[in-house]
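Please open the structure in your viewer and keep the sequence panel visible beside it. The tour below names each selection in turn and states what is found there.

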Amino acid sequence: MLNVFDIVKLTKIDHKEVDSNQIVVTDGNGKPNAVLTELLNDVVGNMRIFLDMTNIYSVTDLMQALSDHTPLPAEVLDEYEKVLREPIDGINFVPKRGQVEVVVGE
């Protein structure tokens, strides 16, 4: 089963990596989950600032790279890992907004 990390890693919009403001976590009815979305936006923002994702293929790889290259405390990295490992139930593309909705917990 795919998880949130897989979607962040694989999804591109106009052949560019998804930015933090382009990804939203929703439930099966399309209702945004503000807490998970904010956390995921933070993760993606830090990924784009500090890392080259070319050679990162798993949540474990990403957590190690963030630990090595950022001043983020272990508690923050633990929360990042939780959201990235969240299994997804679907993906919804919203072209008008240039967003990808990651559906979790249907």
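Begin by selecting Leu 36, which lies in helix 2 of this predicted model. Beyond its neighbours within four places in sequence, Leu 36 is in contact with Val 25, Val 83 and Val 104. Next, add Leu 62 to the selection and draw a line between the two C-alpha atoms. Leu 62 is 26 residues from Leu 36 in sequence, and their C-alpha atoms are 18 Å apart in space.

**The helix around Leu 36**

Extend the selection to the whole of helix 2, residues 34-50. How far apart are the end C-alpha atoms of helix 2? The distance is 24 Å, and this agrees with expectation, because 17 residues at 1.5 Å a residue should span 24 Å.

Now colour the buried residues of helix 2: Thr 37, Leu 39, Leu 40, Val 43, Val 44, Asn 46 and Met 47. A residue counts as buried when its relative accessible area is under 20%. When considering their spacing, recall that an α-helix has 3.6 residues a turn, so residues three or four places apart point the same way.

Which elements do the buried residues of helix 2 pack against? Display helix 1 (4-10), strand 3 (23-26), helix 3 (59-69) and helix 4 (74-85), for these are the partners.

**Helix 3 and helix 4**

Select His 69, which belongs to helix 3. Leaving out residues up to four places away in sequence, His 69 touches Phe 50 and Leu 51. Return briefly to Leu 36: its C-alpha atom is separated from that of His 69 by 23 Å, and the two residues are 33 residues apart along the chain.

Move on to Val 76, in helix 4. Val 76 counts as partly exposed because its relative accessibility is 27%, and the partly exposed range runs between the cut-offs of 20% and 50%. Then select Val 94 as well. Val 76 and Val 94 are 18 residues apart in sequence, while their C-alpha atoms are 29 Å apart in space.

**A loop with two positive phi values**

Turn to the loop between strand 1 (12-13) and strand 2 (16-17), where Asp 14 is placed. His 15 is found in this loop too. Before inspecting their backbone angles, note that most residues other than glycine have a negative phi. Asp 14 has a positive phi, near 55 degrees, and the phi of His 15 is also positive, at about 65 degrees.

Are these two residues buried or exposed? Asp 14 counts as exposed because its relative accessibility is 66%. His 15 is likewise exposed, with a relative accessible area of 77%.

**The whole chain**

Finally, zoom out and show the full chain. Its secondary structure consists of four helices and five strands, which follow the pattern α-β-β-β-α-α-α-β-β along the sequence. The C-alpha atoms fill a box of roughly 35 × 30 × 25 Å along the principal axes. The radius of gyration is 13 Å, which agrees with the value near 13 Å for a compact globule of 106 residues.

Colour the chain by burial: buried residues make up 41% of the 106 residues. The accessible surface comes to about 6300 Å², and 51% of it belongs to carbon and sulfur atoms. Among contacts between residues at least 6 apart in sequence, 57% join residues at least 24 apart. As a last selection, display the 9 positive and 18 negative charges, whose mean positions are 7 Å apart.

Notes
Residues numbered from 1 in each chain as written. Predicted model: local features only at pLDDT ≥ 70, side-chain atom pairs only at ≥ 80, totals over all residues. Heavy atoms only, no water. Rg over C-alpha atoms; globule rule 2.2 N^0.38 Å. Buried < 20%, exposed > 50% of the residue type's maximum accessible area, 1.4 Å probe, protein only. Contact = heavy atoms within 4.5 Å. Areas by Shrake-Rupley, 256 points an atom, 1.4 Å probe, with all protein chains shown as cover. Lys, Arg positive; Asp, Glu negative; His and termini not counted. Charge placed at Lys NZ, Arg CZ, Asp CG, Glu CD. Expected span 1.5 Å × (residues − 1).
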